[in-house]
Amino acid sequence: MIIWKEPYFYLETKHTSYIMRILSNGMLHHVYYGAKIPKEDMGWYQLFQGKGFSPAVTVNGLVSSADLIPQEYPSFGRGDYRCPAFAVETADGRRLNELTYDHHEILEEKPALPGLPSLDVNMEESNSLAVTLKDAACGYEVVLHYTVLEEEDVIARHTEIRNRGKDAVYVRRAASLSLDIERDNLEFLSLSGAWGRERYPNRRPLSPGTTSIESRRGSSSHQLNPFAALASPDATETAGEVYGFSLIYSADFQILTEVSQYGCTRLQAGLNPETFSWKMEAGETFVTPEALMTYSGHGFQEMSHHFHDVCRRHLGRSAARDMVHPIIINSWEAMYFDLSEEKLKQFLADCEGLDIDTFVVDDGWFGRRTDDQSSLGDWFVDEERFPGGLHGVAECCRNAGMKFGIWFEPEMISRDSRLYKAHPDWCIRGQEEPVECRHQLVLDMSRKEVVDGIYEQMAAFIREYDITYIKWDFNRNLTDNGSFFLPPDRQREHTHRYMLGVYSLMHRLTETFPQVFFEGCSGGGGRFDFGILYYMPQIWTSDDSDAAERLRIQYGTSYAYPPASMVAHVSACPNHQTGRITPFATRGEVAQMCNYGYELAVGQLASEEKTMIREQVRKHRRLDEMIQRGIFYRLCSPFTGNLCAWQMVSEDQKRSYVMAAFLMAEPNPGGQYLRLQGLRKDGQYKVEPLGITAGGETLMRAGIPVIAPQRDYTAFAFELEWLSE
């Protein structure tokens with residue numbers, strides 16, 4: 001709900017209030033964001049005062065330092081020395097910006113973001129506000145967009161900058177959101193890591209000065225995810241105040257906090273100003289990516305539920321309720337590049353009777369791709385290894401009752417490829433020779449002819465082989481940022497233009513081939529964000545498929561992203577990434593939290609392991625509704641103890657699945673009670689395979705007894721079914 005009661009804007013969700021007002025000098029003042037409060041006059045709610053050595057402004061009859069005023073979209077050069085939300089530079093080099101309120105609209109529909117993914121599904125119940133601020137001296141407007149999703153307790157924000165002047169201007173900084181919170185005792189939580197150990201929660205107290213997370217890699221990155229939270233020091237999973245923020249964007253970003261000298265915390269999220277600039281000619285408009293924000297008064301878990309809900313209900317293809325996530329088996333760790341028609345057909349024969357949905361041929365099927373040194377960009381079948389193309393493999397796959405999927409890396413090119421010989425200028429390069437990574441270069445997706453060329457190759461292949469599943473990989477980050485096809489004053493536009501080109505390719509393919517299920521991947525989880533999830537409803541969570549490591553990766557990922565967005569496979573042991581040996585049953589239980597599959601040589605398995613696969617597949621189909629639409633709870637953290645546990649509960653609270661995994665066996669261990677969450681308080685639940693029948697409130701308050709096993713990496717799983725009132 002959005003209500004305008006001059007001079008206040010009241011934005012309300014089911015449990016939160018967001019309030020701002022227009023001050024006498026036209027400044028848009030941020031008043032309050034937090035637990036829901038009445039819509040009343042809050043003219044008394046301010047700390048305005050003049051301070052020494054700080055420029056003063058007169059607002060509502062009071063003299064106050066600009067440094068002290070919480071602002072909705074702060075500018076540069078007029079007395080607020082904190083980080084500005086935006087910066088626009090005129091052709092003559094002036095950078096002073098001062099925005100004042102001009103007008104606003106309450107919109108019936110949420111505005112689209114041209115070329116960018118954003119919340120756009122089932123938006124009928126949402127309200128949108130557009131507040132236009134004007135810089136009279138330089139002749140441009142800034143439109144702040146707010147969309148209120150009441151049920152999910154989420155506000156979506158983006159910024160539109162319009163050049164109404166006669167000359168070009170340069171956007172040097174453009175935050176999607178800025179929020180001033182008048183407290184300085186908050187803690188900052190982010191998700192950090194590296195290849196193979198993505199999205200570990202990292203929590204630390206804020207102190208005076210700036211704290212930021214960002215990417216300069218051309219992707220959202222393995223290292224730092226475009227998500228952050230501000231939390232009260234006492235915040236836990238189930239208690240305390242938490243503000244959550246995330247970007248619907250997949251390239252260079254920055255989420256920055258600054259604690260001021262007067263105890264105000266400012267958070268901004270948007271494009272990374274270090275690698276971004278945008279030239280706007282007269283009459284042109286620039287739109288930032290969309291950012292999401294939420295408030296929880298009940299800890300991190302409630303914050304996560306808000307993000308999970310908004311993703312599954314409103315984010316592009318991730319919000320398609322009729323989407324069936326296939327159970328797949330992938331060729332990569334079974335064969336790597338050593339592919340042939342005979343081997344793939346034997347692989348399919350080995351899978352007979354396992355009830356797996358889809359077979360995916362990973363890297364190595366195209367060009368002359370016998371290793372990672374050639375053929376990227378040549379999206380046609382290797383005729384030496386597959387003389388008749390992949391038709392025989394596809395037919396064998398379908399005869400076995402499975403669908404046929406394929407791996408692509410559309411954004412890359414190898415020097416040793418037909419495409420490079422025909423179009424050496426299609427890769428990103430500067431004056432020097434471009435930097436290689438994994439023996440590959442990056443295609444310049446900022447150029448339409450490059451996007452068109454890759455689209456035509458992929459579309460032809462999809463049509464010829466009736467592909468139903470595509471794994472889209474991105475195995476290196478950008479270097480040599482820039483393009484010979486952009487003028488000098490537009491070179492810093494390149495990374496954002498690159499991402500817009502990638503989004504356009506994803507849009508065309510998903511629109512043209514709605515029957516194809518797309519999975520995102522970037523060396524595993526290097527581009528795990530809401531931007532990719534708009535087009536691809538699941539992402540390969542990490543190249544590290546070790547079950548013990550996946551406990552941490554999947555647990556951390558769940559802070560922002562729902563289990564329905566993650567992919568986990570049961571792989572071989574010793575594990576190919578860590579060398580660790582874990583029980584086959586544990587690998588299955590850890591992967592059941594996510595969209596499910598296998599990545600191993602089935603022909604090398606013992607008969608009892610094949611029997612376990614059939615049981616695991618049946619179990620996953622039983623759990624699938626909960627995985628896609630249920631509520632996820634983090635019970636015990638693998639980062640703070642020897643036990644990791646999580647729980648999924650169905651929408652009607654009548655079914656639940658609990659996984660508990662011990663990391664290391666301990667000498668002479670005791671036991672503990674695992675307290676469940678999210679159950680109905682009325683009636684009884686049957687807990688299998690434990691043979692327990694107990695009330696929901698008892699299971700939540702008293703818990704289930706769990707005794708540590710005498711074996712490393714042992715997992716237990718329980719299924720709960722509600723019996724009656």
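**A sheet, two helices and some charged pairs**

Let's begin with helix α9, which covers residues 547–557 and lies across three strands, β33, β34 (643–649) and β35 (655–662), running at about 50° to β34. A second helix, α10 (residues 584–591), also packs on the sheet, where α10 touches β34, β35 and β40 (714–724). The direction of α10 makes about 50° with that of β40. Keep in mind as you look around that this is a predicted model.

Now for the sheet itself. Strands of a sheet pair through backbone hydrogen bonds, either parallel or antiparallel. Here the sheet is open and has six strands, in the order β33-β34-β35-β40-β37-β38, and the pairing is antiparallel. Which strands sit at the edges? They are β33 (631–636) and β38 (692–695), each of which pairs on one side only. From one strand to the next, the twist averages 20°. For a closer look at one pairing, find strand β37 (residues 684–688), which is joined to β38 in the antiparallel sense over four bridges. Val687 has Ile692, in β38, as its bridge partner.

Next, let's turn to the charged side chains. How many salt bridges does the model contain? The count comes to 56.

One of them links Asp357 and Arg621, with the closest N and O atoms 2.3 Å apart. Asp357 lies in the loop between α3 (341–350) and β24 (358–361), while Arg621 belongs to helix α11 (residues 607–629), so this pair ties together parts that are 264 residues apart in sequence. Asp357 is partly exposed, at 24% relative accessible area, and Arg621 is partly exposed too, at 41%.

Another salt bridge joins Asp425 to Arg447, whose closest N and O atoms are 3.1 Å apart. Asp425 is in the loop between α5 (418–422) and β27 (441–442), and Arg447 is in the loop between β27 and α6 (448–465), so the parts tied together are 22 residues apart in sequence. Is Arg447 buried or exposed? With a relative accessibility of 7%, Arg447 counts as buried, because the cut-off for buried is under 20%. Its partner Asp425 is partly exposed, at 34%.

A third example stays inside one helix: Lys448 and Asp452 form a salt bridge with their closest N and O atoms 2.8 Å apart. These residues are four apart in helix α6, so about one helical turn separates them. Lys448 is exposed, with a relative accessible area of 59%.

Salt bridges can also share partners: Asp102, Lys134, Glu141, Glu160, Arg162 and Arg164 are joined in this way into one network.

Definitions and conventions:
Residues are numbered from 1 along each chain as its sequence is written. This is a predicted model: local features need pLDDT of at least 70, side-chain atom pairs count only at pLDDT 80 or more; totals for chains, interfaces and linings use all residues. Side-chain values use heavy atoms; hydrogens and water are left out. A salt bridge is a side-chain nitrogen of Lys or Arg within 4 Å of a carboxyl oxygen of Asp or Glu. Helices (H or I, at least four residues) and strands (E, at least two) are DSSP runs, numbered from the N terminus. Buried means under 20% relative accessible area, exposed over 50%, partly exposed in between (1.4 Å probe, protein chains only). Two strands pair if DSSP finds at least two bridges between them. Axes are lines fitted to C-alpha atoms, for helices over the stretch in contact, and angles run from 0 to 180 degrees between N-to-C directions. Contact means heavy atoms within 4.5 Å.
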